[in-house]
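This report looks at the aromatic pairs, the core, the strand pairing and the disulfide of one protein chain, with some individual residues taken in turn.

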Amino acid sequence: MTDTDSSDDIPTAGVSTSEEAADEAAKVSSEIYDLIGIEGKASNTGAGVTECGGKDPEKYFQVFHPWTFTPASADQLDGVMARLKEELPKHGWKVVDYGPDTSKNKNLSLTADNDAKKYSVKIAHFSKDTPPNLNLMVVSGCYQVPEGQKVERF
């Protein structure tokens, strides 16, 4: 589900309205928040809807939910990425990429797919930011709207 260039690479997530799919994305984000396992605050960003590769934009869509986690204390993020790499697979996620990104800060990044839920998450640890934080992007597979309905964009 990650870094796909065509709709053929994006798994089908089933039939859903945009609103129901956005609720599911928030639920997936909440489960990941719980796995972070430290005190802190998540940004209050809502999910968005985007087109699904080259498929008909009137019938197919993906949901994305970007958010940031800021710990109560900066040192709490020490080791959190290694712990997530270990914990996510215990909850149905497959870690498909882990290591420093290509930025000059070499932020530690983790990408994981959950084939059962048809979701992917990319987590980046911005350790040099003030305050240090985790930046998360949760992305769904490709949904189809129910017959007779249109994709709602938000």
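## A buried tryptophan and its ring partner

The model discussed here is a predicted one. Trp67 is buried, with a relative accessible area of 3%. Its ring takes part in one of the three aromatic pairs that are counted in this model: the ring centres of Tyr33 and Trp67 lie 6.3 Å apart and their planes meet at 45 degrees, so this pair is tilted. The two residues come from distant parts of the chain, since Tyr33 belongs to helix H1 (residues 18-36) and Trp67 to strand E4 (residues 60-71), with these positions 34 residues apart in sequence numbering. In contrast to the buried Trp67, Tyr33 is partly exposed, at a relative accessible area of 28%.

## The edge-to-face pair and the cluster

Tyr33 has a further ring pair, with Phe69, where the centres are 5.6 Å apart and the planes stand at 70 degrees, so the geometry is edge-to-face. This pair again connects helix H1, where Tyr33 lies, with strand E4, where Phe69 lies, and therefore ties together parts that are 36 residues apart in sequence. Taken together, the ring pairs join Tyr33, Trp67 and Phe69 into a cluster.

Phe69 is buried, its relative accessible area being 0%. When neighbours within four places in sequence are left aside, the contacts of Phe69 include Tyr33, Ile36 and Ile38, and also Leu77, Asn133, Leu134 and Leu136. A separation in sequence does not by itself fix a separation in space, and two values can be set side by side here: Phe69 and Tyr33 are 36 residues apart in sequence and form a ring pair, whereas Phe69 and Asn105, also 36 residues apart in sequence, are 19 Å apart in space from C-alpha to C-alpha.

## A charge over a ring

Another kind of arrangement that involves an aromatic ring is found at Tyr60, where the charged end of Lys55 sits over the ring, at 4.9 Å from the ring centre.

## The nonpolar core

Which residues touch the most other members of the largest nonpolar core? They are Ile32, Leu84, Ile123 and Leu134, in a core that comprises 31 residues. At least two residues of this core are supplied by each of H1, E4, helix H2 (80-87), strand E6 (108-114), E7 and E8, and the largest share, seven residues, comes from H1.

For Ile32, the contacts beyond four places in sequence are Trp67, Trp93, Val121, Ile123, Leu136 and Val138. Trp67, a member of the ring cluster, is thus also one of the contacts of Ile32.

## Strand pairing

Strand E8 (residues 133-140) runs antiparallel to E4, and six bridges join the two; within this pairing, Phe64 has Val139 in E8 as its bridge partner. Strand E7 (residues 119-126) is likewise antiparallel to E8, with eight bridges between them, and here His125 is matched with Leu134 in E8. The connection from E7 to E8 is a hairpin through six residues.

## Two buried polar residues

Ser109, which has its place in strand E6, counts as buried at 4% relative accessibility. Beyond four places in sequence, Ser109 touches Met81, Asp97, Tyr98, Gly99, Asp101, Lys122, Ile123 and Ala124; among these contacts, Ile123 is also one of the core residues that touch the most other members.

Thr17 is found in the loop between strand E1 (12-15) and H1. With a relative accessible area of 15%, Thr17 is buried, because the limit for that class is 20%. Leaving aside neighbours within four places in sequence, Thr17 is in contact with Phe61, Pro146 and Gln149.

## The disulfide

The structure holds one disulfide, which joins Cys52 to Cys142 with an S to S distance of 2.0 Å. Distant parts of the chain are linked in this way, for Cys52 sits in the loop between strand E3 (48-50) and E4, while Cys142 lies in strand E9 (residues 142-144), and the two are 90 residues apart. Buried or exposed, how do the two cysteines stand? Cys52 is buried, with a relative accessible area of 0%, and Cys142 also counts as buried, at 1% relative accessibility.

Terms used
Residues numbered from 1 in each chain as written. Predicted model: local features only at pLDDT ≥ 70, side-chain atom pairs only at ≥ 80, totals over all residues. Heavy atoms only, no water. Phe/Tyr/Trp six-rings, centres within 6.5 Å; stacked < 30°, edge-to-face > 60°. Helix = DSSP H or I, 4+ residues; strand = E, 2+ residues; numbered from the N terminus. Buried < 20%, exposed > 50% of the residue type's maximum accessible area, 1.4 Å probe, protein only. Lys NZ or Arg CZ within 6 Å of the ring centre and 35° of its normal. Pairing = 2+ DSSP bridges. Contact = heavy atoms within 4.5 Å. Core = buried A, V, L, I, M, F, W, Y, C linked by side-chain atoms within 4.5 Å. Disulfide = S-S within 2.5 Å.
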